[in-house]
Amino acid sequence: MGRPNRAARAAITQRRTDAIDLKLAGIDWLTIGRKLAADPAVNSNGIAYPQGYGIEAYRRGAEPPSDGRLIELACKDVSKALAERSTVLDESTDELRKLMAERLERLFFGVYRSAIRTGNLAAVDRAVRIIERSSHLLGLNRPVRTEITGAGGGAVQVETTGLDELERLIALAGDTGSESAEG
């Protein structure tokens with residue numbers, strides 16, 4: 001089986017879209033598989049779905065896919081379609097990020113010139129805010145380092161305990177809860 005032609009790729013894309021739509025509607029995997037099967041004997045609508053599951057076997061007159069195989073194919077379609085949509089979304093997000101960075105750069109140029117020439121403190125503040133926003137947008141800020149320290153800034157003391165001590169603490173906690181519920 002070679003690479004599908006343009007019409008076949010379009011039909012596969014439509015099948016994957018249908019698979020996602022059916023899954024979003026709460027349809028189980030087997031029903032999705034049967035609805036999108038190529039063989040009319042398996043297809044729940046009794047038709048040959050274009051580029052449906054088992055299309056090659058159907059064309060050769062071979063047995064249609066089993067229920068397990070239909071489930072597998074439906075899951076695979078949804079996974080691939082979601083991965084493709086995620087890639088498209090990532091690319092769109094990158095393009096939007098570039099556009100926003102360009103806008104901020106244009107704003108910064110005008111504000112920066114005013115801040116430098118006139119020393120206008122409002123323009124300086126605005127320039128700093130644009131720089132902060134650009135840095136955040138482009139991921140240039142370093143992560144904040146966080147440390148947890150013990151008493152007096154020293155190391156945190158970690159104690160280990162045995163099973164007997166744990167059971168004692170659990171029993172103690174259980175006794176406290178039952179006393180407060182009665183009191």
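This passage walks through the helices, nonpolar cores and salt bridges of a predicted model.

A good place to begin is the meeting of two helices, H1 and H4. Helix H1 covers residues 6-24, and helix H4 covers residues 67-118. Their axes come within 9 Å and cross at roughly 100°. Angles of 65 to 115 degrees count as roughly perpendicular, and H1 and H4 are therefore described as roughly perpendicular to each other. On the H1 side, the residues taking part are Arg15, Arg16, Thr17, Ala19, Ile20 and Lys23. Their partners in H4 are Asp77, Val78, Lys80, Ala81, Leu82, Glu84 and Arg85. Sorted by character, the residues of this contact are five nonpolar, one polar and seven charged.

The nonpolar side of the story leads to the cores. The largest nonpolar core has 15 residues, and those with the most contacts inside it are Ala19, Ile32, Leu36, Tyr53 and Leu70. At least two residues of this core come from each of H1, H2 and H4. H4 provides the largest share, with five residues. Alanine 19 offers a view of the surroundings: leaving aside neighbours within four places in sequence, alanine 19 is in contact with Ile32, Leu36, Tyr53, Asp77 and Val78. Apart from this core lies another one, made of eight residues, including Leu104, Val111, Ala123 and Ala127.

The charged side of the story is told by salt bridges. Side chains of opposite charge can pair when their charged atoms come close. Across the whole structure, a search finds 10 salt bridges. One of them joins the side chains of glutamate 84 and arginine 16, with an N to O distance of 3.1 Å. This pair links distant parts of the chain, as glutamate 84 sits in helix H4 and arginine 16 in helix H1, 68 residues apart. The two partners can also be compared by their accessibility. Glutamate 84 has a relative accessibility of 41% and counts as partly exposed, while arginine 16, at 15%, counts as buried. The pair also belongs to a wider arrangement, for Arg15, Arg16, Asp77 and Glu84 are linked in a network of salt bridges.

A second salt bridge brings together the side chains of arginine 34 and aspartate 67, at 2.8 Å from N to O. Arginine 34 lies in helix H2 and aspartate 67 in helix H4, so this pair ties together parts that are 33 residues apart in sequence. Arginine 34 is partly exposed at 31% relative accessibility, and aspartate 67 is partly exposed with a relative accessible area of 36%.

A third example is found within a single helix, H3. Arginine 59 forms a salt bridge with glutamate 56, and the closest N and O atoms are 3.3 Å apart. The two residues are separated by about one helical turn because they are three residues apart in helix H3. Arginine 59 is exposed, with a relative accessible area of 53%, whereas glutamate 56 is partly exposed at 29%.

Arginine 15, a member of the salt-bridge network, deserves its own look. Arginine 15 is placed in helix H1. Why does arginine 15 count as buried? Buried means under 20% relative accessible area, and arginine 15 counts as buried because its relative accessibility is 10%. Not counting residues up to four places away in sequence, arginine 15 touches Leu36, Tyr49, Gln51, Gly52, Tyr53 and Asp77.

One of these contacts, glutamine 51, has a backbone feature to point out. Glutamine 51 is not a glycine, yet its phi is positive, at about 55°. Glutamine 51 is found in the loop between helix H2 (29-35) and helix H3 (55-60). With a relative accessible area of 15%, glutamine 51 is buried.

Lysine 35 completes the tour, with a place in helix H2. Lysine 35 counts as partly exposed at 29% relative accessibility. How far apart in space are lysine 35 and asparagine 45, which are 10 residues apart in sequence? From C-alpha to C-alpha, lysine 35 and asparagine 45 are 6.5 Å apart. Leaving aside neighbours within four places in sequence, lysine 35 is in contact with Leu22, Asn43, Ser44, Asn45 and Tyr49.

Key. Residues numbered from 1 in each chain as written. Predicted model: local features only at pLDDT ≥ 70, side-chain atom pairs only at ≥ 80, totals over all residues. Heavy atoms only, no water. Helix = DSSP H or I, 4+ residues; strand = E, 2+ residues; numbered from the N terminus. Buried < 20%, exposed > 50% of the residue type's maximum accessible area, 1.4 Å probe, protein only. Contact = heavy atoms within 4.5 Å. Core = buried A, V, L, I, M, F, W, Y, C linked by side-chain atoms within 4.5 Å. Axes fitted to C-alpha atoms, helices over the stretch in contact; angles between N-to-C directions. Parallel < 35°, antiparallel > 145°, perpendicular 65-115°, else oblique. Nonpolar A, V, L, I, M, F, W, Y, C, P; charged D, E, K, R; others polar. Salt bridge = Lys/Arg side-chain N within 4 Å of Asp/Glu carboxyl O.
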